[in-house]
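Please open the model in your viewer with side chains available for display, and follow the stops below in order.

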Amino acid sequence: MPLGRDAFLADYWGTTLLHQPGGAGQYSDTLSWQALTDLLETQRFAVGNLRLVEKGKSLDVERYAQRTATGEQLVLKSAALTRCLTGGATLVMNHVEERVPALRQLADAVGDDLRANTTINLYASFGAQEGFDLHWDSQENFILQLAGRKYWKVYRPTREDPIKDELDAAPTPTGAPSWEGVLEAGDLLYLPRGWWHIARPLEGPSLHLTLTVEPPLGGHLLEWLAAELRSHPLARMNVPHMAAEAEQADYVERLLKAFVDSNRDALLQRFLAARDSAIVVRPRLPLPAAAAARPASLHAGSRLRLAVGRRLAISALEDPTQVAVWAGNRHWRAAAALVPALLALRATSAVSLADLDACLASPQSAKLLRVFLSALILAGVVDVE
């Protein structure tokens with residue numbers, strides 16, 4: 001995280017751009033030209049995960065790749081691909097974190113830090129021609145210049161918090177750029193959602209990554225709350241579409257009141273916890289040891305990591321001594337005394353059982369914790385490293 005997490009969140013996150021020079025070797029351990037070459041030569045790509053873009057338009061796939069028998073994957077045609085790149089096209093590889101372990105670790109770490117969905121796309125260009133026209137993105141972007149140089153122009157948003165597919169599109173900026181300059185190898189550029197930008201390679205090949213961060217929006221909160229209320233009597237009943245106007249108005253008023261009055265205590269935190277518990281965690285498989293080992297018995301030194309969800313979600317039950325523990329779309333009952341330890345479990349880092357025990361208010365809860373963790377391990381929710 002640039003500048004340190006707290007300073008970045010206070011001064012830049014979601015509000016203004018940040019250009020941070022880093023030095024040529026800053027990102028040398030993430031992805032090299034040779035590593036990109038290996039990916040292109042040895043892997044197949046789902047249609048849509050790899051494309052060539054020129055002057056804001058995607059080139060026809062058949063110009064640089066052939067489809068497999070099913071038509072769902074692409075195998076690149078080396079000579080044709082080279083001609084397109086030499087002619088000024090930009091190569092775009094989506095979800096490159098799924099192919100490069102170092103980038104997976106980066107995406108996971110940023111996603112955990114910012115409690116948001118993260119992906120990484122790669123852009124490689126070889127001439128002084130823009131691959132994309134002036135545009136804005138609907139997510140927060142961190143641009144990491146790995147190699148080469150690129151000249152950027154960045155403009156302030158012309159609409160506050162824009163979203164995709166709005167009927168009334170945000171107007172194109174007409175004034176001077178808010179920032180323009182060259183990203184050198186090792187530089188970072190942070191662009192909040194809605195900031196317009198255009199980039200042009202300079203003097204030779206350019207390779208950069210864009211780490212996209214998609215925080216939850218207010219619309220996502222409303223969708224989640226509507227799902228939470230689907231069992232409410234007013235939500236279950238038929239809409240009185242054939243009733244008199246006064247009866248319809250009364251129904252709408254009662255429904256909206258139920259919506260507003262629905263357990264607003266810690267509403268945002270409950271929503272965020274539900275999202276965290278439903279995040280699809282990328283698998284960790286230290287083979288062959290993982291497959292050959294017998295189930296480990298838990299002891300103080302055991303290191304535990306979530307395998308489903310970024311964090312567990314905890315919700316109250318009528319019995320105050322019990323809680324519901326959610327991971328993905330599954331839930332279990334647990335003693336309320338275990339909540340501090342369960343909330344310490346993470347997908348991005350392992351924690352020792354001794355550290356979890358230290359979260360408990362009483363030593364008597366340690367035995368209950370081991371029993372419950374054993375159930376989560378058997379369910380594939382928790383891994384023992």
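Select S206 and Q145 first: in this predicted model, their side chains are joined by a polar contact of 3.0 Å. Keeping S206 selected, show the secondary structure around it, and you will find this residue in strand β12, which covers residues 196-214. Is S206 buried or exposed? Its relative accessible area is 0%, and S206 is therefore buried, since that term applies to values under 20%. To display its surroundings, leave aside residues up to four places away in sequence; S206 then touches W33, Y123, A124, S125, Q145, A147, G148, R149, K150 and P201.

Next, go to residues 45-46, which form strand β2, and add β5 at residues 65-67; these are the edge strands of an open sheet, each pairing on one side only. The sheet has three strands in the order β2-β6-β5, with antiparallel pairing. Select residues 73-76 to bring up β6, which runs antiparallel to β2 and is joined to it by two bridges. Within this pairing, F45 stands opposite L74 of β6.

For the last stop, select residues 303-306, strand β13, together with residues 351-352, strand β17: the two run antiparallel and are joined by two bridges, and V351 in β17 is the bridge partner of L304. Then add residues 382-384, strand β18, which pairs with β13 over three bridges, again in the antiparallel sense. Here the residue to pick out is R305, whose bridge partner in β18 is D383. While you inspect these strands, bear in mind that side chains in a regular strand alternate between the two faces of the sheet.

Notes
Residues are numbered from 1 along each chain as its sequence is written. This is a predicted model: local features need pLDDT of at least 70, side-chain atom pairs count only at pLDDT 80 or more; totals for chains, interfaces and linings use all residues. Side-chain values use heavy atoms; hydrogens and water are left out. Two strands pair if DSSP finds at least two bridges between them. Helices (H or I, at least four residues) and strands (E, at least two) are DSSP runs, numbered from the N terminus. Buried means under 20% relative accessible area, exposed over 50%, partly exposed in between (1.4 Å probe, protein chains only). A polar contact is a pair of N or O atoms within 3.5 Å; within protein, one must be able to donate a hydrogen and the other to accept it, and residues adjacent in sequence count only if both atoms are side-chain atoms. Contact means heavy atoms within 4.5 Å.
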